[in-house]
Amino acid sequence: TFTNGDRSRANVTAVDPYVDLAVLKIIETENNILGPEEHLNALQLANSSALQVGDLVIAIGNPYGLAGTMTTGIVSQVGRLVPAPNIGFSIPDVIQTDAAVNPGNSGGPLLDTKGRVLGVTFGGFPGGVNFAIPSNLVQKIVPPLIDEGNYTHPYLGFTGATLTSDLAASIANITQNLKGVSVNTIVQAGPADKAGLNGTTIDQYGRKHGGDVIVAVDGDKIREFEQLVSYIEGNKSPGDNVVLNVFRNGSLIDLDVVLEERPLSSPQH
């Protein structure tokens, strides 16, 4: 139902649960099939990579069924890694905003002050912590959803976290102020396992021994888990090769990983 009261029927063309997006195709208006003379004017997409903390944003949606609600706020942060609903993976490069987003808002646009789409809202928490899928990710994923009915995400096959002081304490021969991603569990026979990446182990006395620490990807240093996921999602496809520079037992080594297609309902990246 549009703001002027016009109603149209639509089919779900495709769904990508990894980023909580769906594509709808209008198939007919209230009285007839949508003809070539009838068209909708699409909103322009902005470059979400150019966003900075503090930029003004506008959210439009139907919170609690209240149609056409507009809220305003700022970009609270960019590059967040937020769990996708009920899928076990996380959405990279998510926009955080304090513009109010409530149940019913999901799927509505997050706009800049020129009315261009910066992202698609998909969730929020009490206290003004709200999220939107960035427009650059939408532009990458939606065309294959339309043309092929699915989008294949790249997959490394391990769980990890940004290296902290607590995690560093369990890693042998660690150097001071090492930054990177601590590897936790490895998926058996997955890409990371085949490449020889080592995860965290527990000895017979119940003591935890930290695994590898990924300090660079394809030659670029990383310090946070979010950076690793964003790089793989934004630049790689299944079948591509990626070089992980890994700290192991006091030394740095390179591991070549051939990425695979993400399986459903698994918590690894």
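The secondary structure of the protein chain amounts to 4 helices and 18 strands in this predicted model. The C-alpha trace spans about 70 × 40 × 35 Å along its principal axes, and 40% of the 269 residues count as buried.

One of the strands, β1, covers residues 8-16, and aspartate 16 belongs to this strand. Aspartate 16 is buried, yet has no salt bridge. The nearest side chain of opposite charge is that of arginine 262, which lies 6.5 Å away; because a salt bridge requires a side-chain nitrogen of Lys or Arg within 4 Å of a carboxyl oxygen of Asp or Glu, this pair does not qualify. The side chain of aspartate 16 does, however, take part in a polar contact of 2.7 Å with the side chain of histidine 153.

A second side-chain contact involves strand β11, which comprises residues 181-186 and contains threonine 185. The side chain of threonine 185 makes a polar contact of 2.5 Å with the side chain of threonine 159. Threonine 185 is partly exposed, because its relative accessible area is 37% and partly exposed residues fall between the limits of 20% for buried and 50% for exposed. The C-alpha atom of threonine 185 is separated by 8.8 Å from that of glycine 211, a residue 26 positions away along the chain.

Two loop residues deserve attention for their backbone geometry. Asparagine 173, in the loop between α2 (165-168) and β11, has a phi near 55 degrees, a positive value in a residue other than glycine. Asparagine 173 has a relative accessible area of 52% and is therefore exposed. Aspartate 218 likewise has a positive phi, near 50 degrees, in a residue other than glycine. Aspartate 218 is found in the loop between β14 (213-217) and β15 (220-221). With a relative accessible area of 27%, aspartate 218 is partly exposed.

The description turns finally to a pocket. The second largest pocket holds about 290 Å³ of space. Its lining consists of 15 residues, of which Ser48, Ser49, Asp93, Pro134 and Asn136 are the closest to the centre. Two or more lining residues come from each of the elements β4 (69-83), β5 (90-97), α1 (135-148) and α4 (225-235), and the lining of this pocket thus draws on both strands and helices. By residue class, the lining of the second largest pocket divides into 6 nonpolar, 6 polar and 3 charged residues.

Conventions
Residues numbered from 1 in each chain as written. Predicted model: local features only at pLDDT ≥ 70, side-chain atom pairs only at ≥ 80, totals over all residues. Heavy atoms only, no water. 1 Å grid on protein atoms, 1.4 Å probe; cavity = no way out; pocket = protein on both sides within 12 Å on 5 of 7 lines; lining within 4 Å. Points joined across faces, edges and corners; volume = space filled by probe spheres on them. Nonpolar A, V, L, I, M, F, W, Y, C, P; charged D, E, K, R; others polar. Buried < 20%, exposed > 50% of the residue type's maximum accessible area, 1.4 Å probe, protein only. Lys, Arg positive; Asp, Glu negative; His and termini not counted. Polar contact = N/O pair within 3.5 Å; in protein donor to acceptor, adjacent residues only side chain to side chain.
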